Amino acid sequence: MNSVDLNSYITFGYLGWIIAYLITALSGRSAEAVKRLLFWILAILFLAHTASIGLRWAESYWMGIGHAPLSNLYESLIFFGWTIVLALIIVWWKFHIDAVVFVGMPIAFIVMASTFLIDSQIRPLIPALQSNWLVAHVFTCFLGYAGFAVSFVAAILLLLVRSWPDFFSFLPRKAILDEVVYRSVLVGFPLLSVGIITGAAWADHAWGAYWSWDPKETWSLITWMVYAVFLHARLTRGWSGGRTAILSVIGFAAVMFTYFGVNYLPGLHSYF
Amino acid sequence: MKKDTRSLGPDKADSGPRPSVITRVFTSVRTTITLLFLLAGCAIIGTVVPQGEIPDLHGLAGHSFVNRLIVILDLNNVYRSWWFTTLLTLLAFNIIGCLLKRMPTILADWKGSHKKSSFSLSFTDPRSTDDLKPILESSLKGVLKKSPQSLEMENASILRWEKQKIYLLGFPLIHVAIIIILIGGLIGVFFGFRGHVQIKVNESSSSFALLSTGEVKALPFTIAVDAFTLTRYPTGEPKEFRSDVRLLAEGKEQLKGSIRVNHPITYQGISLFQSDYRVVGISRINIAVTGADGKTEILSLNPMEPFSLPGTDTMVKIRGFDPGSSQRGAGVEIVVTEKDQNPVTLRFYEKDAQPVKVGNHKLAFKGYEPTYATGLQVGYDPGSRIVWLGSIMLILGFIFTLFTNIQRLQVELSPAKNGTKITVSGRSKRMRKEFRESVENSVQMALKGS
């Protein structure tokens with residue numbers, strides 16, 4: 001079994017997990033033990049996901065073109081899925097709210113499933129990507145994105161609870177959701193900052209300029225500014241609840257545009 | 001949930017005269033938020049309107065309102081436009097304003113003279129102060145994992161803990177870092193340059209063209225290119241672009257090395273980056289010659305020199321080369337002169353199914369070795385070190401803010417009518433509720449337990 005097959009199994013594993021969770025949630029209140037079991041199943045799926053990334057890394061070495069599996073869209077999507085699941089497991093473990101995990105998992109599933117549509121071959125590293133900065137840059141950026149994804153999910157839930165409190169009474173309390181919205185941005189923001197800095201250091205090495213206003217760079221800065229506004233509004237202007245939730249949604253839209261949308265604009269990041 | 005009241009808040013009551021409007025605007029976080037939104041919006045324009053292109057104002061479409069607007073507002077050069085620069089400058093002043101406003105509070109906090117506490121608890125106990133002090137000390141040591149400072153006042157005994165004061169550095173570090181990064185960027189814009197030079201292999205150049213204007217500038221040294229190598233993976237993708245260069249100054253070789261993508265070389269602060277390459281000529285042409293005996297020999301030919309087919313008097317001269325403009329691939333035009341006959345011109349291509357015949361010989365085109373010109377990016381940026389300094393400060397600031405937490409705790413024991421009055425006041429920047437709870441539990445346990 002190669003890593004591409006393994007990724008397919010994991011993707012279906014995540015889908016199965018979502019369905020199992022849905023059935024458990026609908027079946028009533030006595031589901032706590034089952035949910036604990038589901039938590040461990042998710043942890044095992046996550047370990048398999050980790051192993052699959054490791055396997056792909058090893059495969060590239062067996063092919064004689066060894067490099068970290070972060071070199072093209074396929075590999076970055078698999079890694080993005082991994083960071084989202086990691087962030088969701090942390091939220092579950094720290095805040096004990098499974099609604100965020102349940103709503104977040106379909107995002108991880110869609111990210112993973114979208115890899116079925118694109119070229120999954122391991123390719124040799126083109127000269128522009130042959131740099132030690134690659135791993136540091138991609139790693140920090142995607143971990144930051146995962147933090148923002150979790151914040152986004154919690155923000156959507158918070159907005160639902162705010163708008164239709166009676167209908168969504170089964171969701172976690174607003175205060176906890178608000179805390180998740182804020183804390184995930186608090187983790188994501190420094191990671192994105194480090195991601196931008198490592199990207200700038202790499203650009204300085206490869207292109208001779210740490211900042212070229214390339215669309216991807218610009219959009220990452222726009223994303224950074226939105227979350228900077230989020231943090232300042234919350235910490236000094238006392239914003240919370242709905243208003244910061246809306247900022248979190250805007251921020252995540254900027255993240256998605258930085259990741260995918262920019263590819264439709266001309267620029268230097270064409271290989272991602 | 002608990003409502004956060006942070007000391008960074010702008011709503012702190014200032015004593016003294018009311019500051020002017022300008023001061024208030026520049027020290028307000030509301031201004032920061034507005035500026036960040038504006039900058040983000042303007043940055044979006046720059047990713048939508050093509051940058052660096054001048055819209056045609058004289059053509060048919062030129063009269064359109066949008067094109068005029070683009071030119072008037074510098075929308076084709078957003079990031080260097082006066083209004084974007086103005087916004088960035090305003091942001092810098094705003095950050096400085098906010099820093100200056102908050103520095104006294106942070107300094108007071110650092111010195112400990114800032115008496116703000118997030119909670120205060122009172123207890124009374126029948127025992128004496130001297131009895132209680134060691135009990136409370138050993139119990140609270142477990143919470144703060146540190147020994148306290150002990151003070152004896154006239155009619156009170158005080159235990160004081162202070163942990164991870166370094167947290168207070170986080171906020172100023174992050175904001176000073178951003179200003180430093182902006183200054184570094186500005187220095188780069190004014191005193192740095194970026195350019196490009198294309199040099200043929202075995203040639204040299206001591207000038208380059210600026211990327212921004214195309215203006216030709218002189219370098220303080222000469223770049224001599226000895227070789228350009230393009231290596232490919234077995235799959236055909238490029239593996240390495242490498243230019244072997246020597247840098248000459250004052251008639252001497254100063255530096256010799258190779259420039260690869262991601263591996264620039266730097267001399268006198270000026271860095272040279274592998275940027276692109278171009279095929280500018282042919283060094284060898286390979287032709288397979290099959291003789292009358294069926295043996296095939298591949299001749300590697302210099303395009304300039306005529307040659308004779310092996311074992312004959314027939315002279316062949318390469319007259320033209322086609323790098324592959326047609327479906328037939330790259331090809332060559334040769335002039336064949338058989339002894340005592342008029343010259344004949346022949347053309348043949350890489351993808352031809354049949355070789356051409358010249359007398360008893362068959363010729364087939366087998367490819368060529370190009371000569372390259374390498375494209376080097378020339379960069380000089382005296383501001384980049386400042387930017388990296390700012391970046392390191394920014395990361396340190398985040399580490400202090402996220403991974404440290406200032407905690408202060410004071411236990412005041414004063415004799416009261418029937419025993420001792422205990423006042424516990426504490427302060428924690430993060431995890432306030434948890435800190436308060438653990439302190440409260442610990443004090444209660446200590447008082448009850450013994």
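Q: What radius of gyration does chain B have, given that a compact globule of 450 residues would have one near 22 Å?
A: The radius of gyration is taken over C-alpha atoms, and the globule rule is 2.2 Å times the number of residues to the power 0.38. Along its principal axes, the C-alpha trace of chain B spans about 135 × 60 × 50 Å. Against the value near 22 Å for a compact globule of 450 residues, chain B has a radius of gyration of 39 Å.

Q: What pLDDT do side-chain atom pairs need in order to count in this predicted model?
A: Residues are numbered from 1 along each chain as its sequence is written, chains are lettered from A and ligands numbered from 1 in the order in which they are written, and side-chain values use heavy atoms, with hydrogens and water left out. The model is predicted, and while totals for chains, interfaces and linings use all residues and local features need pLDDT of at least 70, side-chain atom pairs count only at pLDDT 80 or more.

Q: What radius of gyration does chain A have?
A: Chain A has eight helices and zero strands, where helices (H or I, at least four residues) and strands (E, at least two) are DSSP runs numbered from the N terminus. From the N terminus on, its elements therefore read α-α-α-α-α-α-α-α. The globule rule gives 19 Å for 272 residues, and chain A is as compact as a globular protein of that length because its own radius of gyration is close to this, at 19 Å.

Q: What percentage of the residues of chain B are buried?
A: Buried means under 20% relative accessible area, exposed means over 50%, and partly exposed lies in between (1.4 Å probe, protein chains only). In chain A, 59% of the 272 residues count as buried. In chain B, which has 450 residues, the buried share is 41%.

Q: Which residue of β18(B) is the bridge partner of B:Trp161?
A: Seven of the ten residues of strand β18 (residues 407-416) of chain B are buried, so the strand is largely enclosed by the rest of the structure. Two strands pair if DSSP finds at least two bridges between them, and β18(B) pairs with strand β3 (residues 157-163) of chain B in the antiparallel sense over seven bridges. Within β18(B), the bridge partner of B:Trp161 is B:Leu409.

Q: Which residue of β19(B) stands opposite B:Pro415?
A: Strand β19 (residues 419-428) of chain B pairs with β18(B) in the antiparallel sense over ten bridges. With two residues between them, β18(B) and β19(B) form a hairpin. In β19(B), the residue that stands opposite B:Pro415 is B:Thr420.

Q: Which side chain of opposite charge is nearest to A:Glu59?
A: A:Glu59 has its place in helix α2 (residues 32-62) of chain A, and its side chain makes a polar contact with that of A:Ser3 at 2.8 Å. A polar contact is a pair of N or O atoms within 3.5 Å; within protein, one must be able to donate a hydrogen and the other to accept it, and residues adjacent in sequence count only if both atoms are side-chain atoms. For charge, Lys and Arg count as positive and Asp and Glu as negative, with His and the chain ends not counted. A:Glu59 is buried yet has no salt bridge (a side-chain nitrogen of Lys or Arg within 4 Å of a carboxyl oxygen of Asp or Glu), and at 5.2 Å the nearest side chain of opposite charge is A:Arg56.

Q: What relative accessibility does A:Arg183 have?
A: The side chains of A:Glu179 and A:Arg183 meet in a salt bridge of 3.0 Å, N to O. These residues are separated by about one helical turn because they lie four residues apart in helix α6 (residues 174-206) of chain A. A:Glu179 counts as buried at 15% relative accessibility, whereas A:Arg183 counts as partly exposed, at 27%.

Q: What relative accessibility does B:Lys133 have?
A: B:Glu152 and B:Lys133 meet through their side chains in a salt bridge of 2.5 Å, N to O. The pair links distant parts of the chain, 19 residues apart, with B:Glu152 in strand β2 (residues 149-152) and B:Lys133 in helix α5 (residues 129-144) of chain B. B:Glu152 is exposed, with a relative accessible area of 56%, whereas B:Lys133 counts as buried, at 9%.
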